[in-house]
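Work through the exercises below with the structure in view. Try each task before you read its solution.

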Amino acid sequence: MADSAGIQQGSPAIGAAGLVPAAPGAGGTEGSGAAGGSARIAVKKAQLRSSPRPKKLEKLGVYSSCKAEGACKCNGWKSQNPPPTPPRTDQQSNTVNLQEPCRSCSHTLGDHVTHLENVSEEEMNRLLGIVLDVEYLYTCVHKEEDADTKQVYFSLFKLLRKSILQMGKPTLEAQESPPFEKPSIEQGVNNFVQYKFSHLPSKERQTIMELAKMFLNQINYWQLETPSQRRQRVPTDDAAGYKANYTRWLCYCNVPQFCDSLPRYETTQIFGRTLLRSVFTVMRKQLLEQARQEKDKLPPEKRTLILTHFPKFLSMLEEEVYSHSSPIWSQDFLAGASGGQIPIHTVISAPPVARPLYYSTSPVSVDPTTCGSVSPARKTVLESNPVGEKRKPTEPLPHEENKRPRAVGDIPLELINEVMATITDPAAIPETSLLSAHSARDEAARLEERRGVIEFHVIGNSLNQKPNKRILMWLVGLQNVFSHQLPRMPKEYITRLVFDPKHKTLSLIKDGRVIGGICFRMFPSQGFTEIVFCAVTSNEQVKGYGTHLMNHLKEYHIKHEILNFLTYADEYAIGYFKKQGFSKDIKVPKAKYVGYIKDYEGATLMGCELNPSIPYTEFSVIIKKQKEIIKKLIERKQAAIRKVYPGLSCFKEGVRQIPIESIPGIRETGWKPVGKGKELKDPDQLYSTLKTILQHVKSHPNAWPFMEPVKKTEAPGYYQVIRFPMDLKTMSERLKSRYYTTRKLFMADMQRIFTNCREYNPPESEYYKCANLLEKFFYTKIKEAGLIEK
């Protein structure tokens, strides 16, 4: 056990010569003082119980009232020659004289023990055990300096003295009897394991069970700090409530570890969340600190468990301990289970059912017309507003076109449905750990949202309505998060935008406090939204919250029919935005956003175009299912084509070349001839088709840089870089002169326009972006005309 000079939870509360339970220290092991003190008392009791009966009577006579005639008031025999203090067994005489008079009342020892003449040996040994417990508590009372602890010891001392006098069993008289809170700590930790880890594979789940047992064992042997120590450390805490629990802990858990005449209970079985909250923070700190200090002493098989997995386990448990809405402390958490106290080794196979997510008008929103609450997950926050509900898969999506016609070669629907049935079956889906490299970035955050751990709300300030206290507190929290995580931004600027009624913020709420958010301004008339700030507080990062925040923002904007994001990203944020689908290829025409958004020096303009057909918050789940479908289809295809064909013998007969499709089994593998497109043989038909395509290209809004040849005065050195220039005017002249006798000539000239542009101009230039967009449009028209395969 580590020495502790200051006020530390875990330092001994009882100063009885090392006989009390020492703290497990901070390293996950029980204190040597606890085991040593208990062993010493057990040895003393064994020695005394093996003594001759007269010796036992002498010991009990000390605590027995005088039974001589005349109503003697002596409450215990006292020797004429008392042994040294404290008494030592090896210094006491082996001969006992029942006629020896008492120093107080002069009556003999026999007069004090007449009531024990017919008592069985078993009952006498029980009373002797209480006697040693009384002596132990007597020592504790005199050595203890804390007033609250001393008072408890003295009360137990009197209780045991009374039990000896009345030859009864010690019973604590209290207003409440154990357990003092439900669910207990043990039940809560068990619920936590089922709540957070029931989806893990059995091997990983077994590791979690070991961590849970380790944690519960630490609490059972943990030394609570005294109420006076706690008042100094946490002045604002509920002192009366802690003192009551401390007294109960001493009486039912701590002292009975050595005074076995008192009934003993495990701390984790009779106390609940209240006591756990009072000890968890300091206990976690000391346990981890001790583990780090003694890491070299740990067995190799336990080192990874304690140094790697235990800290994460404690961090996740801490969230549930201090959360006001954690379901693990509900007595109905395991409703429908076998009932009663569930041991920690129990494994519940059925994880909590995930509730559906909704968009709804927030009851705490300042601007109900535009500020929605995004999937709060808790039923108490949801409202059944048909206008604000999240779009359902069966509803037509905004901007959704008719479903594409089925193409030749598509997989039959019957096969798809058959495979989907196996994928939908939970038993057929491979288990994925949250720590796995194959898990999605937002998987953990999505699970936390479904379980009600985190919430998302779109909030904003308003100058027209009465301020809402909770909204204002959240806005202040967002201002703090942005200021702390974005130190380059002036705090005054952050405050002005966060509280600006024109700006809104998608806030991430955990345990009632803000831990992240995205501040944005919508420009519905221009068809885009500007993202101004995006941040998650440092101690909550790398949990997928940033990705899940952006996905919620995307769905919120799809609902409001705004399908483009613009933002200026600094060098540290470019990587994050790229992962969220942003690129430097801006889809919004420059005329739409120039003058509307703020330009930041040293930052890069990035954009993201939303697809209204994608449910972004569930996108990673969909991708995972699609991968499983493809995998199953490949397996089925492989099983179907595992047929061995004889080798080709035609080449031995002098044949030099054969069509690929004539190879036996080649078509069964899914091979099909590479399409070459339809070559129009009629010159007039070819001319008409190419003319129509060229007119469409020239009419495109991104065609303006390519309408005429590049002028040397506007682009110095252009013709030194570009050896074969091309433009739409030249192509029009060539088309009129019937130069394009094949589609390949036409497509080659058009492609040269795009290639030249990208070779001369930098990627961030407007010309470069126009070339990309126009090229995409051109190939769309070529496919529509049937000149190349779709």
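## Exercises on a predicted model

**Exercise 1. Check the length of helix α7.** Take α7, residues 202-220, and compare its expected span with the distance between its end C-alpha atoms.

Solution. Start with the count: α7 has 19 residues. At 1.5 Å a residue, α7 should span 27 Å. Now go to the model, which is predicted. The end C-alpha atoms of α7 are 27 Å apart, so the two values agree.

**Exercise 2. Find what hides α7.** Which residues of α7 are buried, and what covers them?

Solution. Use the cut-off first: buried means under 20% relative accessible area. The buried residues of α7 are Arg-205, Ile-208, Met-209, Leu-211, Ala-212, Met-214, Phe-215, Leu-216, Gln-218, Ile-219 and Asn-220. Next, look at the surroundings. The cover over these residues includes α6 (185-197), α10 (267-270), α11 (273-293) and α12 (300-322).

**Exercise 3. Classify the packing of α7 and α12.** How do the axes of α7 and α12 cross, and which residues meet?

Solution. Step one is geometry. The two axes come within 10 Å and cross at roughly 75°. Step two is the class. Angles of 65 to 115 degrees count as roughly perpendicular. Therefore α7 and α12 are roughly perpendicular to each other. Step three is the contact. From α7 come Thr-207, Ile-208, Glu-210, Leu-211, Ala-212, Met-214 and Phe-215. They meet Lys-302, Leu-305, Ile-306, His-309, Phe-310, Phe-313, Leu-314 and Leu-317 of α12. Sorted by class, this contact has 11 nonpolar, two polar and two charged residues.

**Exercise 4. Do the same for α2 and α4.** What is the angle between α2 and α4, and what is the handedness of the crossing?

Solution. Locate the helices: α2 is residues 53-61 and α4 is residues 121-143. Their axes are 10 Å apart, at an angle of about 45°. That makes α2 and α4 oblique to each other. The crossing is left-handed. Now list the partners. Arg-53, Lys-56, Leu-57, Lys-59 and Leu-60 of α2 meet Glu-121, Met-124, Asn-125, Leu-127, Leu-128, Val-131, Leu-132 and Glu-135 of α4. By class, the contact holds seven nonpolar, one polar and five charged residues. Finish with the cover on α2. Seven of its nine residues are buried. They are Lys-55, Lys-56, Leu-57, Glu-58, Lys-59, Leu-60 and Gly-61.

**Exercise 5. Place two residues.** Are Val-131 and Glu-775 buried or exposed, and what does each one touch?

Solution. Take Val-131 first. Val-131 sits in helix α4. Its relative accessibility is 0%, so Val-131 counts as buried. Leave out residues up to four places away in sequence, and Val-131 touches Lys-59, Leu-60, Tyr-63 and Ile-164. Val-131 and Ser-261 are 130 residues apart along the chain, yet their C-alpha atoms are separated by 9.5 Å.

Now take Glu-775, which is in helix α25, residues 766-784. At 17% relative accessibility, Glu-775 is also under the 20% cut-off and so counts as buried. Beyond its neighbours within four places in sequence, Glu-775 contacts Gln-751, Phe-754 and Arg-758. Glu-775 and Thr-755 are 20 residues apart in sequence and 9.7 Å apart in space, C-alpha to C-alpha.

**Exercise 6. Inspect the backbone in loops.** Where do the cis bonds to Pro-179 and Pro-183 lie, and what is the phi of Asp-511 and of Glu-561?

Solution. Begin with the prolines.

- The bond from Pro-178 to Pro-179 is cis, with omega near -5°.
- The bond from Lys-182 to Pro-183 is cis, with omega near -5°.
- Pro-179 lies in the loop between α5 (147-166) and α6, and Pro-183 lies in the loop between α5 and α6.

Then turn to phi.

- Asp-511 has a positive phi, near 55°, and is not a glycine. Asp-511 lies between β4 (504-510) and β5 (513-523). At 27% relative accessibility, Asp-511 is partly exposed.
- Glu-561 has a positive phi of about 60°. Its loop runs between α17 (545-559) and β7 (564-569). With a relative accessible area of 51%, Glu-561 is exposed.

**Exercise 7. Step back to the whole chain.** How many helices and strands does the protein chain have, and what share of its residues is buried?

Solution. Count the elements: 25 helices and eight strands. Of the 790 residues, 44% are buried. Last, consider contacts between residues at least 6 apart in sequence. Of these, 70% join residues at least 24 apart.

Conventions
Residues numbered from 1 in each chain as written. Predicted model: local features only at pLDDT ≥ 70, side-chain atom pairs only at ≥ 80, totals over all residues. Heavy atoms only, no water. Axes fitted to C-alpha atoms, helices over the stretch in contact; angles between N-to-C directions. Helix = DSSP H or I, 4+ residues; strand = E, 2+ residues; numbered from the N terminus. Parallel < 35°, antiparallel > 145°, perpendicular 65-115°, else oblique. Left-handed = near helix turned anticlockwise from the far one by under 90°. Contact = heavy atoms within 4.5 Å. Nonpolar A, V, L, I, M, F, W, Y, C, P; charged D, E, K, R; others polar. Expected span 1.5 Å × (residues − 1). Buried < 20%, exposed > 50% of the residue type's maximum accessible area, 1.4 Å probe, protein only.
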